[in-house]
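Dear colleague,

Please find below the structure that I am handing over to you, with its sequence. My notes on what was found in it follow directly after.

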Amino acid sequence: MRPKVIAGNWKMNKDADGSVELINGLITRSGEIPNGVTVVLCPPFTSLAIAQRLLDGVPMALGGQNMHYEDEGAFTGEISAGMLKSVGCTFVIIGHSERRQIFGETNDLVNKKVKKALSAGLRPIICVGETLEERERGVTEQVINVQLKGALQDVPENEVSRAIIAYEPVWAIGTGKNATPDQAADVHKYIRKILGQFYSWNIAEKTIIQYGGSVKPDNARGLLAKADIDGALVGGACLKPESFMEIVKASAS
Ligand code: PGA
């Protein structure tokens, strides 16, 4: 059995005070986290240090929303893997569709970041997903295949199972239109098949594959009940302690 991993991607939301309020709301409810469920909070960079302090002794992990693949240097505005680790991060989201679409991240750049995250000891949450136009053209699998192979190029077998894959159909992100559990499960199964071909069935069986895209308390249970859906990457619904914890609880039942 793969453990469930529920991650909250706060995106560019919550200033310092707002972050403290949200984290305290989550801490109050942390007793509700079911056994075997890993909860990851990905606040903005500016709130990671305070989050680390507040979460001392609380069973919730921290993740960055992005990172650079170099260790240090003249990269204005960027954050390194080591910097994320220094404020308690153990996860990092890489290749989110907003990074790809708005900031022009390519599969090659995603690959560099994934390799650096893994070698630095962070667990990358690698996002893949098709646009509405690609789904309608019937090329969802080809798109996922290219993104996945691009992201995992030269990632050795002994490191890859620490990576998490997040299937996030772009048309479902922030739109309120989620994929049905069956639509999501089909793509998750396909991703596992590709991992099996690319590495081995043992690796494919071990890899956590999250679903993301308008996951809410009322649809989480149906999605997370599917055999190949091992967790969720939650955007909008992670900004309220009640709705995020409802999703966390739904992952165990
Ligand atoms: P959403 O975002 O839950 O608001 O659709 C998910 C994501 O982009 O990770």
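I begin with the cysteines of this predicted model. The closest cysteine sulfur to that of cysteine 127 belongs to cysteine 42, and the two sulfur atoms are 9.4 Å apart, which is too far for a bond. Cysteine 127 is also buried, with a relative accessible area of 2%.

A similar question may be put for another residue: why does the sulfur of cysteine 238 form no bond with the closest cysteine sulfur? That closest sulfur is again in cysteine 42, and the distance of 8.2 Å is too far for a bond. Cysteine 238 counts as buried, at 1% relative accessibility.

As a reminder, a disulfide is a covalent bond that joins the sulfur atoms of two cysteines. To be counted as a disulfide, a pair of cysteine sulfur atoms must lie within 2.5 Å. By this rule, the count for the structure is 0 disulfides.

I turn now to the ligand. Where does the ligand sit? Its place is the second largest pocket. Around the ligand there are 13 residues, of which the closest are Lys11, His96, Glu168, Gly174 and Ser214. This shell consists of 4 nonpolar, 7 polar and 2 charged residues.

Three contacts with oxygen atoms of the ligand deserve your attention as you view the model:

- Histidine 96 places a polar side-chain atom 2.6 Å from an oxygen atom of the ligand.
- Glycine 174 has a backbone N or O atom at 2.7 Å from an oxygen atom of the ligand.
- Glycine 236 likewise has a backbone N or O atom, at 2.8 Å from an oxygen atom of the ligand.

On its own, the ligand has 280 Å² of accessible area, and the protein covers 97% of this.

Yours sincerely,
A colleague

Key: Residues numbered from 1 in each chain as written. Predicted model: local features only at pLDDT ≥ 70, side-chain atom pairs only at ≥ 80, totals over all residues. Heavy atoms only, no water. Near = heavy atom within 4 Å. Polar contact = N/O pair within 3.5 Å; in protein donor to acceptor, adjacent residues only side chain to side chain. Areas by Shrake-Rupley, 256 points an atom, 1.4 Å probe, with all protein chains shown as cover. 1 Å grid on protein atoms, 1.4 Å probe; cavity = no way out; pocket = protein on both sides within 12 Å on 5 of 7 lines; lining within 4 Å. Sits in = over half its atoms within 2 Å of the grid points. Nonpolar A, V, L, I, M, F, W, Y, C, P; charged D, E, K, R; others polar. Buried < 20%, exposed > 50% of the residue type's maximum accessible area, 1.4 Å probe, protein only.
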